[in-house]
Amino acid sequence: MNDTKATESALQKKTDVTITESHKFRADAPEVRSARPPVDPSELEFRNLRTDEFWRAIPAFADIDEETFLDSVWQMRNSVYGSDKLIETVKDIAPDDWLADAVEGFSQAPMAVRVTPYLLSLIDWSDPYNDPIRTQFIPVASRLTSDHPMLTLDSLNEQKDAPVPGLTHRYHDKALFLPLNTCPVYCRFCTRSYAIGVDTDTVEKVNLKVNPKRWEEAFEYIASRPELEDIVISGGDAFNLAFKHVENIGMRLLDIPHIKRLRFATKGPAVMPMKVLSDEKWFDALSRVVDEGRKRHKQVVVHTHFNNPNEITEITRRAMNRFFERGIIVRNQTVLQRGVNDSEETMKLLVKRLGEVNVHPYYVYQHDMVKGVEDLRTSLRRNLDIEKFVRGATAGFNTPMFIVDAPGGGGKRDAHSYEHYDTDTGISVYTAPSVKPGKFFMYFDPLHSLKEEVVQDWQDEKRREEMVQDALSAALAHVNR
Ligand SMILES: *Cc1c(COP(=O)(O)O)cnc(C)c1O
Ligand code: SF4
């Protein structure tokens, strides 16, 4: 076949590369043998972090000096909250057609709007349609696409697996604790849009407010379950917990003898690194919990959420250096999103840049089936292709695992571990033997990734049923192979 020939000659070309003058980095240096050609400077792009005063491009921040911009209190006070305020802030720099589109988009969105000045100024306002940060926070009506017919709110069934409100105990030895329902930003795609943020026109939220009494119920449950050893403190977002609450929750959980690991989950470092640089009380409280854990041989770490390399600037580096200097491990969980990081090169750049600032890339999630954000989802195939490209680009331990959080409460699965995947219908089927044995869990690719005739099939209730049954039968045959 012709293909084989092409591959052979490409390989041949590579091995043909021997030492040339360009390999010498000093004219008088002895020749250095290298098995690899000289690096293309674009390969080192991940080290170029923004150092400019980028926020001055926003009219409202034009006179803000660096010291003020790096102050977390200023960042919080000047966060843009609500769609009117947002439009007002960018109306002179964003294109008119885009502004009208965004106003319409807000009226259809299940999440409230909240963006930090930091993120808002990192958006390229000359081309907001294609900006990866804009895409995550600000809906535009013309890009919205209709929900998949198999999609429900709280697709992960977090509430069903909750023994007390705000505590999800799905896996054997670990639980997810949601002490609050606010975040420094509100992401369009939030999996917990059933609880996070204020009520919107389309969704009334479950109540998970800051409430030490409710927390005590969660602690008592945790204490009563000796198999639990790992607690994820999420939300909402630990960045929005008062420093005293960070310390109280952390210490209370460390006091439970069988708890060995805590993770504070926060999008903070990605959206407001200033807090780490200037909120000494909060940072010290977290450090005390980490240090106390270390004394007791218990691991306390931070899990954060960067999605695009543009979110990582020199300010981020300074913040992450502070974590590193205090010996606090920071891991990252990314959500794979169309127009944000669904290209091989962007994901590789993100992974390398996370390594550059000492953040450990832990997971890349297939986008959950969340209402109203179908435009952000990708097919599972995209996930698999990107994984193939990223693996090998850096150290194995810095290579994230690409996963699907199986809808219906199957938990996180290696994206590759499906029992069946039909790329035509877009149905993938997973099992989770140690979480919910004997059950199948299905994920559905978004309609916009499917062929037109299949999209028609999904509208037809009878065909829908058939496609699902076929997929389940194929999965069953595979399990019993
Ligand atoms: C993600 C998650 C965890 C933690 O899972 P890891 O794979 O260990 O990161 C725990 N509980 C729930 C309900 C979760 O969704
Ligand atoms: S920061 Fe996390 S919990 Fe908060 S809105 Fe964004 S995705 Fe949801």
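In this predicted model, the side chain of Q75 reaches the backbone nitrogen of Y118 at 3.1 Å, a polar contact being a pair of N or O atoms within 3.5 Å. Q75 is placed in helix 3 (residues 72-77), helices being DSSP runs (H or I) of at least four residues and strands runs (E) of at least two, numbered from the N terminus. The residue is buried, with a relative accessible area of 0%, where buried denotes under 20% with a 1.4 Å probe and protein chains only. Beyond residues up to four places away in sequence, Q75 touches F69, T116, P117, Y118, M272 and M274, with contact taken as heavy atoms within 4.5 Å.

Ligand 1 is surrounded by T168, Y171, K174, L176, V232, R263, Y362, Y363 and K412, each with a heavy atom within 4 Å of the ligand. At least two residues of this shell come from each of strand 4 (174-177) and strand 9 (360-365). Polar side-chain atoms of K174 and Y362 each lie 2.7 Å from an oxygen atom of ligand 1, and an N or O atom in the side chain of K412 is 3.1 Å from an oxygen atom of that ligand. Of the 390 Å² that ligand 1 exposes when taken alone, the protein buries 91%.

Around ligand 2 there are nine residues, the closest being C183, C187, C190, G236 and K267.

Residues are numbered from 1 along each chain as its sequence is written, while chains are lettered from A and ligands numbered from 1 in the order in which they are written. Local features need pLDDT of at least 70 and side-chain atom pairs pLDDT 80 or more, whereas totals for chains, interfaces and linings use all residues; side-chain values use heavy atoms, without hydrogens and water.

Methods: A polar contact is a pair of N or O atoms within 3.5 Å; within protein, one must be able to donate a hydrogen and the other to accept it, and residues adjacent in sequence count only if both atoms are side-chain atoms. Accessible areas come from the Shrake-Rupley method with a 1.4 Å probe; for residues, only the protein chains shown count as cover. Buried means under 20% relative accessible area, exposed over 50%, partly exposed in between (1.4 Å probe, protein chains only).
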